[in-house]
Amino acid sequence: MINFNVGPSKVYPAIQNFLQEAYETGILGLPHRSQEFMDMMKKVIFLLKQKLQIPPQYTIIFASSATECWEILAQSLVVSKSYHLLNGAFGEKWYQYTHYLHRKSEKHVFEINDSLDVERIQTFFTFAERRSGKAELEDKALICFTQNETSNGTQVPLEIIKQVQENFPKQLIAVDATSSMAGIEFAWQNADIWYASVQKCFGLPAGLAIMVLSEKAVARVYEIGEHKHYNSLLKLCEQIQKFQTTHTPNVLGLYLLMRVMENNENIKDIDKKIRIRAENWYRFFEKHPYFRPLIHNEKVRSSTVIALQGKPERIAAIKEKAKQAGFRLGNGYDKWKENTFRIANFPAISEQEIKQLQDFFLQTELE
Ligand SMILES: *Cc1c(COP(=O)(O)O)cnc(C)c1O
């Protein structure tokens, strides 16, 4: 089965050998306070910074999922309020989990084909502040973007995040990059918190998440000093200084991440490849008889998750036929469940596999 699901997604074929290796090297039973573990952790962090071009002064910590990252941020970095700019199911969930803990958190929902712009974001903040009787955004507010909204195949252009940072230099900007980190290149310095789980663009099995923090974010973590949870960001930051974790971590996941990053090209090259492939997918479906890109606005189309729209009967039929032909497609999600399906454009998928799937689409006739 060739996996085009958008997460969990195709793992790098080399994982098979890395698993064997992990067993043979005895890494699986490594005590997480041992020197060997700390050496491995150090190497994982070094490789992430090197291959993803993360600035050296940024801190990297690990969690078990992007969902856990939502909770960690709500616990440790939201003081009273966060502002969520969202247009889909994952952004909404992030907002929901934060709202459970902070009733004053606000969301601004935009349409999937809309390009966000700084004026609109400013207007949202202004109205939100008026509701709470304040003139301007609190310095400690957390501004939240879902950079790549996996549920509908949109992305927030990095330029917008940059402009928001220029306009709001005191606040922290947090970015859910779960389905784009390690797929496209980021301007890391334009946000303070970036996180992702590894079962999407990293081409790894699920069960590990990566959070990247600016110096400003780490300083804020210490300033707030929240330490009531096993996964309080303060404790995670303290432990990682020693290349350790707060609890026994997913050692196998860390090992696989290390080996995959060792083998991977630099993000600049991966980014180039992913963008060309995305262009190719969109062009392919712009002339397809049954399915069209869900997103018309080219500026906000995701490079890593291609969402296709069609009649619900045809969506059901194509998924079934694809399965018989040996392809796993991604289902539609949430309110796009029936009338869309999704194709992962993640780095672990090969050129040849894409060709095979395109041939399948060209050859398959539907009612
Ligand atoms: C997949 C995904 C998540 C959830 O990831 P988990 O690892 O299942 O917690 C969160 N946000 C986005 C944008 C995603 O694509």
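Modeller: A polar contact is a pair of N or O atoms within 3.5 Å. Keep that cut-off in mind for the ligand. The model here is predicted.

Colleague: Which atom of the ligand lies 3.2 Å from a backbone N or O atom of Ala66?

Modeller: An oxygen atom of the ligand. On the Ala66 side the partner is a backbone N or O atom, and the distance is 3.2 Å. Two side chains approach a nitrogen atom of the ligand. Asp176 has a polar side-chain atom 2.8 Å from a ligand nitrogen. For Thr178, a polar side-chain atom is 3.5 Å from a nitrogen of the ligand.

Colleague: How much of the ligand does the protein bury?

Modeller: Picture the ligand alone: it exposes 390 Å². The protein then buries 87% of that area.

Colleague: How many residues surround the ligand, and which are the closest?

Modeller: There are 13 around the ligand. The closest are Thr67, Thr150, Asp176, Ser197 and Lys200.

Colleague: Now the sheet. In what order do the strands stand?

Modeller: Read across the sheet, not along the chain. The order is E2-E10-E9-E8-E5-E3-E4. That makes 7 strands in an open sheet with mixed pairing.

Colleague: Why is one side of E2 and of E4 left without a neighbour?

Modeller: Both stand at the edges. Strand E2 (59–63) and strand E4 (106–109) each have a single partner strand, so one side of each has no neighbour in the sheet. From one strand to the next, the twist averages 20°.

Colleague: Do strands E9 and E10 run parallel or antiparallel?

Modeller: Antiparallel. Residues 193–197 of E9 are joined to residues 209–213 of E10 by 5 bridges. To find your place, look for Trp194, which stands opposite Val212 in E10.

Colleague: In which sense do E3 and E4 pair?

Modeller: In the parallel sense, over 4 bridges. Here the landmark is Tyr83, opposite Glu106 in E4.

Colleague: Where do the side chains of a strand go?

Modeller: In a regular strand, side chains alternate between the two faces of the sheet. E4 shows this. Glu106 and His108 point to one face and are buried. Lys107 and Val109 point to the other face and are not buried.

Colleague: Which strands does helix H2 lie across?

Modeller: E2 and E10. H2 covers residues 35–52 and runs at about 115° to E2. Helix H4 (residues 89–101) also packs on the sheet. H4 touches strands E3, E4, E5, E8 and E9, and its direction makes about 160° with that of E3.

Colleague: Is Ile143 buried or exposed?

Modeller: First the rule: buried means under 20% relative accessible area. Ile143 has 0%, so this residue is buried. Ile143 sits in strand E5. Beyond its neighbours within four places in sequence, Ile143 is in contact with residues including Tyr83, Leu85, Phe125 and Gln171. Gln171 is 28 residues away in sequence, yet the C-alpha atoms are 7.1 Å apart.

Colleague: Which residues of helix H8 are buried?

Modeller: Leu233, Leu234, Leu236, Cys237, Gln239 and Ile240. They pack against H2, E2, helix H3 (66–76), E10 and helix H7 (215–224). Just after H8 comes Phe243, with a positive phi of about 60°.

Colleague: Where does Gln53 lie, and what is its phi?

Modeller: Gln53 is in the loop between H2 and E2. Its phi is positive, about 60°, although Gln53 is not a glycine. At 35% relative accessibility, Gln53 is partly exposed. Asp334 also has a positive phi of about 60° and is not a glycine. That residue lies in the loop between strand E14 (330–331) and strand E15 (340–344). With 47% relative accessibility, Asp334 counts as partly exposed.

Colleague: Is the peptide bond from Gly7 to Pro8 cis or trans?

Modeller: Read omega. Here omega is near -5°, and the bond is cis. Pro8 belongs to the loop between strand E1 (2–3) and helix H1 (15–24).

Colleague: One last loop. Which residues does Asn264 touch?

Modeller: Leave out residues up to four places away in sequence, and Asn264 touches Tyr12, Lys51 and Ile270. The side chains of Asn264 and Tyr12 share a polar contact of 3.5 Å. Asn264 lies between helix H9 (251–263) and helix H10 (267–286). At a relative accessible area of 13%, Asn264 is buried.

Technical notes: Residues numbered from 1 in each chain as written. Predicted model: local features only at pLDDT ≥ 70, side-chain atom pairs only at ≥ 80, totals over all residues. Heavy atoms only, no water. Pairing = 2+ DSSP bridges. Helix = DSSP H or I, 4+ residues; strand = E, 2+ residues; numbered from the N terminus. Axes fitted to C-alpha atoms, helices over the stretch in contact; angles between N-to-C directions. Contact = heavy atoms within 4.5 Å. Buried < 20%, exposed > 50% of the residue type's maximum accessible area, 1.4 Å probe, protein only. Near = heavy atom within 4 Å. Polar contact = N/O pair within 3.5 Å; in protein donor to acceptor, adjacent residues only side chain to side chain. Areas by Shrake-Rupley, 256 points an atom, 1.4 Å probe, with all protein chains shown as cover.
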